[in-house]
Amino acid sequence: MSSSDTLRSRLTRLLSTDTVIHECRHCGTTCTATDSTCPVCDAPEIVTYRF
Ligand SMILES: [Zn+2]
């Protein structure tokens, strides 16, 4: 049993998939792609970061 295989597959997935972060511009809460307003502070400014 090896944990390195799992780690490697996780890293590969991370590196091969675009990571998209939706974050409230007002309070910094991480939101989902379907949120049009922040679930915490109700600000309508959700910014999207793509890595
Ligand atoms: Zn917010």
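**View A. P44, an exposed residue in a loop.** In this predicted model, P44 counts as exposed because just 11 other C-beta atoms lie within 10 Å, and a residue with 12 or fewer falls in that class. Look for P44 in the loop that links β2 (30-31) to β3 (46-50). Setting aside its neighbours within four places in sequence, P44 is in contact with S36 and T37. You can also trace a link to C24: the two residues are 20 apart in sequence, yet their C-alpha atoms are 8.1 Å apart in space.

**View B. D42, in the loop between β2 and β3.** D42 is placed in the loop between β2 and β3, the loop that also holds P44. Have a look at the backbone here: phi of D42 is near 70°, which is a positive value in a residue other than glycine. Is D42 buried or exposed? D42 is exposed, because it has 10 C-beta neighbours inside 10 Å and the exposed class takes in residues with 12 or fewer.

**View C. The whole chain at a glance.** Before going on, it helps to step back and see how the parts follow one another. The protein chain has 1 helix and 3 strands, and along the sequence they come in the pattern α-β-β-β. Of the 51 residues in the chain, 4% are buried. Among the contacts with a separation of 6 or more, 20% are between residues 24 or more positions apart.

**View D. The sheet of three strands.** How are the 3 strands ordered in the sheet? They form an open sheet in the order β2-β1-β3, with antiparallel pairing. The edge strands are β2 and β3, each of which pairs on one side only. Between β1 and β3 you can find 5 bridges, in the antiparallel sense; one position to look for is C24, which stands opposite I46 in β3. The pairing of β1 with β2 is antiparallel as well, over 2 bridges. As you follow a strand, keep a general point in mind: in a regular strand, side chains alternate between the two faces of the sheet.

**View E. The hairpin of β1 and β2.** This close-up shows the turn joining two paired strands. The hairpin of β1 and β2 has 5 residues between the strands. Within this hairpin, G28 takes a positive phi near 85°.

**View F. E23 and its neighbours in the sheet.** E23 sits in strand β1, which covers residues 20-24. Which residue of β2 is the bridge partner of E23? That partner is T30. On another side of the story is Y49: it lies 26 residues from E23 along the chain, and their C-alpha atoms are separated by 7.8 Å. Leaving out neighbours within four places in sequence, E23 is in contact with G28, T29, T30, C31, V47 and Y49. E23 is partly exposed because 16 other C-beta atoms lie within 10 Å, a count that falls between the limit of 12 or fewer for exposed and 20 or more for buried.

Note on methods. Residues numbered from 1 in each chain as written. Predicted model: local features only at pLDDT ≥ 70, side-chain atom pairs only at ≥ 80, totals over all residues. Helix = DSSP H or I, 4+ residues; strand = E, 2+ residues; numbered from the N terminus. Contact = placed C-beta atoms within 7 Å. Pairing = 2+ DSSP bridges.
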